[in-house]
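Got the model open in your viewer? Here is a short walk through it, with something to select at each stop.

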Amino acid sequence: MIPYDEFKLGIDQILKCDEDFLCELLATVIKNPGRYTGRFRLSNARTKLIQNVTQSREIKFGDFMEDIVTEYIRRIGYENLNKNIGRDESGDSLQADQVFKKDGVIYLIEQKIRDDHDSTKKRGQYDNFSKKCRLLKRLYPDSTVDATMWFIDDSLQKNRHYYEGRANQENAEMDGITRHILYGKQLFNDVLSCSEAWDELCSHLDRNKQERSQEILNIPDFDTSPEMLNALKALKNSEPALYQKLLSNDPKYVQLRREMFPTGHNLERVSAA
């Protein structure tokens with residue numbers, strides 16, 4: 001359905017370390033110097049930076065999984081609908097992870113990587129799912145709404161009992177909405193009726209992870225690398241006020257320069273340009 005090379009392009013976008021990525025990273029550091037330096041931080045600035053990049057990639061991977069599942073849904077034969085589904089009773093704008101239709105049924109999928117949230121967040125997540133269900137039913141009063149809260153990684157099912165209890169309680173209201181709590185392959189078996197797509201998706205993920213098994217995250221040195229020199233030049237041109245903050249006498253920026261630009265090599269070259 002989706003060739004591996006096409007799949008890999010999406011993953012490569014997450015992992016890219018080009019000038020745009022470095023400019024964005026540099027801007028983040030300057031806007032939030034306290035995240036990277038300070039007396040009460042055990043990790044040094046570079047270690048913290050690697051941690052933040054890793055977290056950012058995990059978030060982007062979640063976005064990628066939404067996009068790739070949307071494409072699988074299309075290729076299986078469903079019609080994708082506008083994910084911006086409108087406003088709820090409070091006027092808040094709601095965005096669906098997946099919304100599509102076939103044979104008069106409107107399908108909603110609230111998609112998460114894994115079920116590992118604490119008690120406060122799990123309630124909020126289900127409440128949000130429930131709002132989207134009700135909104136879709138108002139938008140399509142003559143259609144059945146088939147709604148699924150789906151966790152991709154079926155190895156973690158921390159709150160399954162809670163989610164299924166709430167879904168069963170609402171299903172008992174017979175309001176024209178059928179709610180499911182599904183994990184891993186269950187979505188492709190029970191809703192999309194295409195287990196082959198799940199098998200292919202898992203195969204692509206396994207292959208890509210194997211290809212990157214020796215990969216180590218490497219961020220160019222802020223102080224001396226030519227890549228970061230170009231990023232500094234680009235930032236100076238695009239956001240001069242932000243660049244001037246980096247050079248200021250504010251103690252937090254003095255400390256930031258001390259840790260991330262100890263020799264001042266790149267900063268001097270940008271100033272001389």
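Start by selecting K132 and E110: their side chains meet in a salt bridge, N to O at 2.9 Å. This pair ties together distant parts of the chain, with K132 in helix 4 (residues 119-139) and E110 in strand 5 (residues 105-112), 22 residues apart. Turn on a surface and check the burial: K132 is buried, and E110 is too. Keep in mind as you go that this is a predicted model.

Now widen the view to the charged pairs in general. How many salt bridges does a search of the whole structure find? The count is 20, and a few deserve a stop.

Select R75 and E71 next. Their side chains form a salt bridge at 2.5 Å, N to O. Both residues sit in helix 3, four residues apart, which is about one turn of the helix. Color R75 by accessibility and you'll find it partly exposed, with a relative accessible area of 29%.

For another pair, jump to K16 and D18, where the side chains meet in a salt bridge of 3.9 Å, N to O. That just fits, because a salt bridge needs the nitrogen within 4 Å of a carboxyl oxygen. Is this pair buried or exposed? Neither, quite: K16 is partly exposed at 34% relative accessible area, and D18 is partly exposed at 31%.

Next stop, K83. Look for it in the loop between strand 1 (79-80) and strand 2 (84-87). Which side chain of opposite charge is nearest to K83? That is D67, 4.7 Å away, and K83 is buried yet has no salt bridge. A salt bridge has to fall within 4 Å, so the D67 distance of 4.7 Å doesn't qualify. What the K83 side chain does reach is the backbone oxygen of D97, at 3.0 Å.

Show the surroundings of K83 while you're here. Leaving out residues up to four places away in sequence, K83 touches E66, T70, L94, Q95, A96, D97, Q98 and V99. Then draw a distance line from the C-alpha of K83 to the C-alpha of F40: these two are 43 residues apart along the chain and separated by 43 Å.

Now go to T37, in the loop between helix 2 (19-31) and helix 3. Is T37 buried or exposed? T37 counts as buried because its relative accessibility is 8%, and the cut-off for buried is under 20%. Select what surrounds T37, setting aside its neighbours within four places in sequence, and you get A45, K252, Q255, L256 and E259.

Last, bring up the pockets. The largest pocket has a volume of about 720 Å³. It is lined by 22 residues, and the ones closest to its centre are E58, F61, L205, K209 and R212. Select those five to center your view. Which helices each supply at least two residues of the lining? They are helix 1 (4-15), helix 3 (45-76) and helix 7 (195-211). Color helix 7 to finish, since this is the one that gives the most to the lining of the largest pocket, with six residues.

How values were computed. Residues numbered from 1 in each chain as written. Predicted model: local features only at pLDDT ≥ 70, side-chain atom pairs only at ≥ 80, totals over all residues. Heavy atoms only, no water. Buried < 20%, exposed > 50% of the residue type's maximum accessible area, 1.4 Å probe, protein only. Lys, Arg positive; Asp, Glu negative; His and termini not counted. Polar contact = N/O pair within 3.5 Å; in protein donor to acceptor, adjacent residues only side chain to side chain. Contact = heavy atoms within 4.5 Å. 1 Å grid on protein atoms, 1.4 Å probe; cavity = no way out; pocket = protein on both sides within 12 Å on 5 of 7 lines; lining within 4 Å. Points joined across faces, edges and corners; volume = space filled by probe spheres on them.
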